[in-house]
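Student: Please take a close look at the paired charges in this model. Then set them against the other parts of the fold that can be checked by geometry.

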Amino acid sequence: MRRTEEIMGMPITIDVRDGDRGMKIDDAFAELRRIDAMFSPFRADSAVAKINDGRLRIDDASAEVQDVLARCERYEAVTGGYFSAWRGPVLDPSGYVKGWAIARACAILDAHGHRAYFVDAGGDVRTRGESGTGEPWRIGIRHPVERASVVRVVLGRDLAVATSGTYEKGAHIHDPHTGAPAVELVSLTVVGPSIVEADVQATAAFAMGAGAIEYLEGLPGYEAYAIGPDLRATWTSGFDALCAAS
């Protein structure tokens, strides 16, 4: 069963290939909507919006909100400040919450015994098992200019793929150190076992710019593919092994 809904301002697709599927997909989408209601900076009734306009102190927020913000702080520390849930005085933990929401949806599918599925939230993907007939899932990395084309295809069994880029929103990622838009890359994809880690690291490394691939080369268990404004690509040493033959 495959279904797509618009949540968090993006299309989210869940494709389940095994077992009794319908009700479990309903549960996964319900969790995604719940997370959006709590963490979206664009919904006036969310905890994040209330924190930003002074209606809610972080110390008075729910344990779940405080836990997410604490995790964001830890990622800020381990990325040297290139990942941050804050843009100046404004709270926006979307760089963490998106991957975490995908992971929560996957946990629901796992709990119900599913072992073959694909969850795609605006281009960030978590796969489990196979797509059918013994084949891995195929996840395309979109060309930054030729929108109908892909530059590489990642083959995924139990794999997460997260891409940060300027495809849809322009230069929306900022260097937290300077506040300036990150413009040294147009696309950066991180591949590895955890969608949370891949998503956070893609955001942080994109903000780093030219040093992204060198940084990600040192992240155990993860590979990456970067495209610069001149459309030249660079990638980590193990990335080719994860891809379909060109």
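Tutor: Aspartate 36 and arginine 43 are joined by a salt bridge between their side chains, at 3.4 Å from N to O. These positions come from a predicted model, and side-chain atom pairs are counted only at pLDDT 80 or more. The two partners differ in cover: aspartate 36 counts as buried because its relative accessibility is 12%, under the 20% limit. Arginine 43, at 33%, counts as partly exposed.

Another pair of this kind is arginine 57 with aspartate 59, whose side chains form a salt bridge at 3.4 Å, N to O. Here aspartate 59 is exposed, since its relative accessibility of 56% is over the 50% limit. Beyond such single pairs, Arg3, Glu5, Asp26 and Arg33 make up one network through salt bridges that share partners.

Arginine 17 and aspartate 15 form a further salt bridge, and their closest N and O atoms are 2.9 Å apart. Aspartate 15 counts as buried, with a relative accessibility of 3%. Its partner arginine 17 has a relative accessible area of 37% and is partly exposed. Over the whole structure, a search returns 21 salt bridges. In general, side chains of opposite charge can pair when their charged atoms come close.

Aspartate 175 is a useful contrast. It is buried but takes part in no salt bridge, and the nearest side chain of opposite charge, that of arginine 87, is 11 Å away. With a cut-off of 4 Å for a salt bridge, that distance rules the pair out. Aspartate 175 sits in the loop between β9 (160–165) and β10 (187–192). Apart from neighbours within four places in sequence, its contacts are Tyr82, Ala180, Ala182 and Ala207.

Next, the strands. Aspartate 15 falls within the range of strand β2, which covers residues 10–16 and runs antiparallel to β5, with five bridges between the two. One of the paired positions is threonine 13, whose bridge partner in β5 is aspartate 120. Strand β5, residues 117–121, is mostly covered, with four of its five residues buried. It is also joined by five bridges to strand β6 (residues 124–128), again in an antiparallel arrangement. In that pairing, valine 119 is opposite arginine 126 of β6. The hairpin of β5 and β6 has two residues between its strands, and glycine 122 there has a positive phi near 60°.

Positive phi values also turn up outside glycine. Methionine 8 has a phi near 60°, and its place is the loop between β1 (2–7) and β2. Aspartate 158 is likewise not a glycine, yet its phi is positive at about 55°. This aspartate belongs to the loop between β8 (150–156) and β9. Its relative accessibility of 37% makes aspartate 158 partly exposed.

Helix α3 allows a check on length and on sidedness. Its 16 residues, 63–78, should span 22 Å at 1.5 Å a residue, and the end C-alpha atoms are 23 Å apart, so the two figures agree. The buried residues of this helix are Val65, Val68, Leu69, Cys72 and Tyr75. They lie on the same side of α3, because the arc they cover around the axis is only 115°. The background is that an α-helix has 3.6 residues a turn, so residues three or four places apart point the same way. Ala63, Glu73, Ala77 and Val78 are exposed on the other side of α3. After the helix comes glycine 80, with a positive phi near 65°.

A last position to inspect is isoleucine 213, in helix α6 (residues 212–217). It counts as buried because its relative accessible area is 14%, under the 20% limit. Leaving out neighbours within four places in sequence, isoleucine 213 contacts Leu188, Ala224, Tyr225, Ala226, Thr234, Trp235 and Thr236. From glycine 95, isoleucine 213 is separated by 118 residues in sequence and by 19 Å in space, C-alpha to C-alpha.

To return to the request: aspartate 36 is buried and its side chain meets that of arginine 43 in a salt bridge, whereas aspartate 175 is buried and has none.

Note on methods
Residues are numbered from 1 along each chain as its sequence is written. This is a predicted model: local features need pLDDT of at least 70, side-chain atom pairs count only at pLDDT 80 or more; totals for chains, interfaces and linings use all residues. Side-chain values use heavy atoms; hydrogens and water are left out. Buried means under 20% relative accessible area, exposed over 50%, partly exposed in between (1.4 Å probe, protein chains only). Two strands pair if DSSP finds at least two bridges between them. The expected span of a helix is 1.5 Å times one less than its number of residues. The arc is that of the directions from the helix axis to the C-beta atoms. Lys and Arg count as positive and Asp and Glu as negative; His and the chain ends are not counted. Contact means heavy atoms within 4.5 Å.
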